[in-house]
Amino acid sequence: MLTKTIEPDGFTFASVVTACARLGALNHAKWVHGLMIEKRIEVNYILSSALVDMYSRCGRIETAKEIFNTAQRTHVSVWNAMINGLALHGLALHAILVFSTMKVENVSPDSVTFIGILTACSHCGFVEEGRMYFNLMQREYSIQPQLEHYGAMVDLLARAGLLEEAYAMIKEMPMEPDVVIWRTLLSACRTHKNPELGEVAITRIKHLGSGDYVLLSNIYSSMKKWDSAETVRYTMKKKGVRKWSGKSWVELSGVIHQFRAADRYHPETEAIYKVLEVLIHRTRMQGYLSMPDLVFMDISEEEKEENLNYHSEKLALTYAILKSSPGTEIQISKNLRTCLDCHSWMKIVSQIDYMTNCGIRVIGGKLAIVSSKEGASNLLLEAYVHNQQEMGEAPLKDSSSRFKEIQSTDENGSFDRR
Ligand SMILES: [Zn+2]
């Protein structure tokens, strides 16, 4: 369009901004926003809400807030974008504050506003507040709860471990609960170890996906009910349900590097595993405890831990730390949900001394971590020294030259899977 010298208008930008939001593509988002300013596009409420939404989804909540603060805010959708953005970032208190400001500025909330508020409460474990807003919505604003509101409430209660109450809410819903709601309950049964209710949830899911079987099997495994876990696995096999394998990918210098669990196909596998070993050692010293009961089968605890250590997102993060320069923001994408173990591990990685000022965020399935300082070089050096000691050799005097050597073993051998 630009090369054909056709001038984009506000509608064009609204679509492009929405596309950037869906992708979570920050660089594109900034470019599009810059172009909007350059072309002096008039920013109406549709564009304001699209921009707030785009920056929130691209991990830039501060920029989203700036846009919101300077926007014309007479239309509810601008408020909804801000509240949903804050909910996405787990900033429930801030979302509640924005909600109260709506009243001051005489803007009435609609049903979308309440989805945002309930989601925010759910992510932060604000059970009482969530209940209060659920009632307020009906009482004061005469908004009848829809499937999404019930979904948010079930999520809120289930996450907080109030499984029976969550189940009671599902039963009293005036509409048919959808698969998302049952999966929410099933997933919480895994976290809070309730196989009985997990079984109830699974019978209500019409078309069981591999993830559902895996969840149920994991519930049994976590309670050491190996026979039941095995039965679920057998059913899966008999029905020909294939387990989705977890994949993570990370974009570095325009090239996508993809990893699967315990993957050894990457040309720099050796360096990746060395650094990963050090990272795991380091995180243990900072209090990381792996969660072996997350692993499916009746195998020894050591083996299970080994299994967890090589999940695809751990490999992807390690590689990104190894390759990125100080201060780079790393975004890891994943096809499945990140497991609890990887989630808590990554949080601790971001706190390791020489990776100070790291931020960690999970945005729309993407996990962002900011690496900084001399993280990678220190880690690789440490990995090398560690290895030498294990082999009974004295560490090299000039380890930095060895580091360069390891670093440059393969400059071009990356996987380009685009
Ligand atoms: Zn994991």
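Two strands pair if DSSP finds at least two bridges between them.

## Strand pairing

This is a predicted model. Strand β1 spans residues 247–252, and strand β2 spans residues 255–260. The two run antiparallel and are joined by 6 bridges. Which residue in β2 is the bridge partner of Glu251? It is Ile256. Leu252 stands opposite Val255 in β2.

The hairpin of β1 and β2 has 2 residues between the strands. Ser253 in this hairpin takes a positive phi, near 45 degrees. β1 also pairs with strand β3, residues 329–334. That pairing is antiparallel too, with 3 bridges. Within it, Ser248 has Lys334 of β3 as its bridge partner.

## Annotated repeats

An unreviewed UniProt entry lists "repeat: PPR" at residues 9–43 and 75–109. In the model, residues 9–43 are 77% helix and 0% strand. The end C-alpha atoms of that span lie 11 Å apart.

Residues 75–109 are 74% helix, again with 0% strand. Here the end C-alpha atoms are 10 Å apart. Helix α5 (residues 76–88) and helix α6 (residues 92–104) both fall within this listed range.

## Helices α5 and α6

The axes of α5 and α6 are 8 Å apart, at an angle of about 165 degrees. Angles over 145 degrees count as roughly antiparallel, so α5 is roughly antiparallel to α6. The crossing is left-handed.

From α5, the contact uses Trp79, Met82, Ile83, Leu86 and Ala87. From α6, it uses His94, Ala95, Val98, Phe99 and Met102. How many of these residues are nonpolar, polar or charged? The contact of α5 with α6 holds 9 nonpolar residues, 1 polar and no charged.

## Helices α6 and α7

α6 also packs against helix α7, residues 111–124. Their axes come within 9 Å and cross at roughly 155 degrees. That angle is over 145 degrees, so α6 and α7 are roughly antiparallel to each other. This crossing is left-handed.

α6 supplies Ala92, Ala95 and Phe99 to the contact. α7 supplies Gly116, Ile117, Ala120, Cys121, His123 and Cys124. The contact residues divide into 7 nonpolar and 2 polar, with no charged residue. Ala95 and Phe99 take part in both contacts of α6, meeting α5 as well as α7.

## Helices α11 and α13

Further along the chain, helix α11 (residues 179–191) packs on helix α13 (residues 210–222). Their axes are 9 Å apart. Are these two helices roughly parallel or roughly antiparallel? The angle is about 25 degrees. Angles under 35 degrees count as roughly parallel, so α11 and α13 are roughly parallel to each other. α11 passes α13 in a left-handed crossing.

On the α11 side, the contact is formed by Arg183, Leu186, Ser187, Cys189 and Arg190. On the α13 side, the residues are Asp212, Leu215, Asn218, Ile219 and Ser222. The contact of α11 with α13 divides into 4 nonpolar, 3 polar and 3 charged residues. The charged residues here are Arg183, Arg190 and Asp212.

Key:
Residues are numbered from 1 along each chain as its sequence is written. This is a predicted model: local features need pLDDT of at least 70, side-chain atom pairs count only at pLDDT 80 or more; totals for chains, interfaces and linings use all residues. Axes are lines fitted to C-alpha atoms, for helices over the stretch in contact, and angles run from 0 to 180 degrees between N-to-C directions. Helices (H or I, at least four residues) and strands (E, at least two) are DSSP runs, numbered from the N terminus. Angles under 35 degrees count as roughly parallel, over 145 as roughly antiparallel, 65 to 115 as roughly perpendicular and the rest as oblique. A crossing is left-handed if the near helix is turned anticlockwise from the far one by less than a right angle, and right-handed if clockwise. Two residues are in contact if their C-beta atoms, placed from the backbone, lie within 7 Å. UniProt positions are given in the numbering used here, feature names are shortened, and annotations may be inferred rather than shown by experiment.
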